[in-house]
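Trainee: Could you walk me through the aromatic rings here, and how each label is earned?
Mentor: Happily. Have a look first.

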Amino acid sequence: MKNFDELNNYEILDISINASEFEIRQAYKEALSIYDKDSLSTYSLFTDEERSNVLKKIEEAFYTLIDETSRADYNNMLVKSGEVEASRLNIKDQRKPIPLFRTRTSIDESSFYKKIKRKVEEKEIKEISNQILSKDVISGKDLKTLRESMGVNLEEIFEVARISISILRSIEENETESLPSKIYLKNFLKLYAEILQVDSKRVVDGYLKSINPS
Amino acid sequence: MPRIYPIGGGKGGAGKSFITANLGVLLAKQGKRVVLVDLDLGGSNLHTFLAHQNQKTDLNDFLNKTINNLNHAALPTIIPNLSIICSINCSLEIANLFHAQKLKIIKAIQRLPYDYVLLDLGAGTHFNTLDFFLTSNEGIFIFTPEPTAIENTLRFIKAVYYRKLRQLFKQNAFNVIVKKFLDRSNDTSIKLPDIIKFIMEHYPKRGELLKSRLRESQFKLILNQFRKQTDPTLGVKIEKVCNRHFYSKFQFLGNVSYDERVYDSIFSRKIYMAKYPYTPAATDIQFISKKLTDISQVPISVSSKL
């Protein structure tokens with residue numbers, strides 16, 4: 001029987017020398033699933049002593065590699081002993097896990113509001129908003145023009161108001177089918193108008209007329 | 001020289017005879033000349049899996065010298081290209097085969113004029129079973145996904161491995177080293193792993209020889225009676241563990257699904273592969289047979305120096 005005596009930590013976990021943290025964790029899990037005392041695949045292959053030795057080695061390997069400083073020390077040791085060529089060590093080759101959700105770094109709210117305040121005072125934008133608010137019926141398209149003229153995008157509104165982007169989009173596209181129920185819609189519109197610093201009562205009334213002409 | 005696949009695996013009821021018979025059928029259907037040898041002496045029933053009725057001549061005639069060529073004991077089955085050597089007429093004490101008889105059988109098997117020879121072995125880790133298993137370096141281990149079967153199979157793998165090691169010691173004059181080791185350790189129970197360690201440490205050159213000879217063995221693994229709830233990576237995991245902890249090579253050939261119809265075919269004395277050729281289990285075995293015929297590497301026989 002070969003034991004793990006002649007293997008280095010990377011070989012014990014069966015990973016490449018440039019494995020990422022994620023791969024190390026996966027390999028550790030896999031190794032435990034094989035060598036654990038309840039594991040079917042090595043049932044009765046080892047004596048208790050052998051098994052605990054093997055598990056100890058796996059644990060040691062994992063804790064050495066998962067910590068960045070101890071891993072760097074260990075890599076240096078491998079290079080010094082000539083087991084690994086320094087050129088093979090390349091952090092850039094590490095594969096990083098792809099994040100499931102690409103979360104934007106959240107925006108700074110106070111500077112966001114300052115930006116809108118500055119915009120609202122501009123003459124051009126005052127004209128546009130006055131023109132829109134003076135209309136009896138305010139459609140989603142009007143809201144969109146207003147928002148875009150202020151240089152605000154949907155993601156920013158989502159960040160501040162936590163109204164989902166799909167709902168914001170259906171409000172702006174006047175997609176009556178996918179709008180939430182009236183009570184929610186009213187509140188969303190109110191929030192939306194407040195963020196853009198225009199008269200929220202006017203926006204709510206005008207918009208409701210646009211989707212409910214009666 | 002035929003390609004010899006001994007099929008064994010520690011536990012009874014794991015499906016050694018079933019796999020042997022049906023693998024044989026599929027290899028024969030690929031146009032290869034195949035002979036199956038029932039070496040489960042004292043517990044032979046390979047012929048039942050093949051719906052084979054005619055047992056006029058068999059291994060016994062070869063052992064008691066009624067015939068002097070083992071090939072004459074091979075009887076054709078209803079499948080073209082497929083022959084079988086039964087051992088049903090052997091005496092009741094046949095399980096305790098003499099050493100000389102064993103060597104005679106092994107030598108004769110290696111001279112059989114076929115493309116493939118499949119040996120159906122019995123359960124347990126008797127020396128005879130181990131030596132038959134080591135007739136070729138490509139033994140196939142059959143196991144099922146139960147703790148008891150895995151326990152027995154791993155034990156069988158270990159037993160085969162250490163038997164092989166003993167053979168190598170004998171063939172390559174390791175006596176002196178082994179003796180030295182025994183002199184050193186006062187412990188009366190000799191452990192083979194310790195001897196290997198001792199050799200690797202003190203005689204690196206001999207150790208290399210040992211390693212390379214052990215590496216010639218390319219064992220195969222088949223997981224039989226695979227059920228839905230079984231861990232699908234079990235076979236691969238065992239392959240990995242064996243490759244890591246033994247010096248020999250191990251290859252996992254695949255899972256064979258569990259199928260109630262196997263019992264049907266046995267009860268109705270029909271060949272499973274002929275009665276149910278498109279069931280999951282049948283396709284699994286087909287896949288394995290393809291894998292076996294694809295292996296292009298030339299087998300190295302463990303010569304007759306036993």
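Mentor: This is a predicted model. Let's begin with a cluster in chain B, where ring pairs join B:Phe133, B:Phe141, B:Phe156, B:Tyr161, B:Tyr162, B:Phe219, B:Phe246 and B:Phe250.

Trainee: How many aromatic pairs does the structure hold over all chains?
Mentor: There are 21. One of them is B:Tyr5 with B:Tyr116, whose ring centres are 6.1 Å apart.

Trainee: What makes the pair of B:Tyr5 and B:Tyr116 stacked?
Mentor: The centres must lie within 6.5 Å, and planes under 30 degrees apart count as stacked. Here the planes stand at 15 degrees, so the pair is stacked.

Trainee: Where in the chain do these two tyrosines sit?
Mentor: B:Tyr5 belongs to strand S1 (residues 3-8) and B:Tyr116 to strand S5 (residues 116-121), both of chain B. The pair links distant parts of the chain, 111 residues apart. Both B:Tyr5 and B:Tyr116 are buried.

Trainee: Why is the pair of B:Tyr161 and B:Tyr162 called edge-to-face?
Mentor: Planes over 60 degrees apart earn that label. These two rings have planes at 65 degrees and centres 5.5 Å apart, so the pair is edge-to-face.

Trainee: And are B:Tyr161 and B:Tyr162 buried or exposed?
Mentor: Buried means under 20% relative accessible area. B:Tyr161 has 1%, so it is buried; B:Tyr162 has 14%, so it counts as buried.

Trainee: Which charged end sits over the ring of B:Phe62?
Mentor: That of B:Lys104, 4.6 Å from the ring centre. Likewise, B:Arg163 lies over the face of B:Phe127, at 4.2 Å from the ring centre.

Key
Residues numbered from 1 in each chain as written. Chains lettered and ligands numbered in written order. Predicted model: local features only at pLDDT ≥ 70, side-chain atom pairs only at ≥ 80, totals over all residues. Heavy atoms only, no water. Phe/Tyr/Trp six-rings, centres within 6.5 Å; stacked < 30°, edge-to-face > 60°. Helix = DSSP H or I, 4+ residues; strand = E, 2+ residues; numbered from the N terminus. Buried < 20%, exposed > 50% of the residue type's maximum accessible area, 1.4 Å probe, protein only. Lys NZ or Arg CZ within 6 Å of the ring centre and 35° of its normal.
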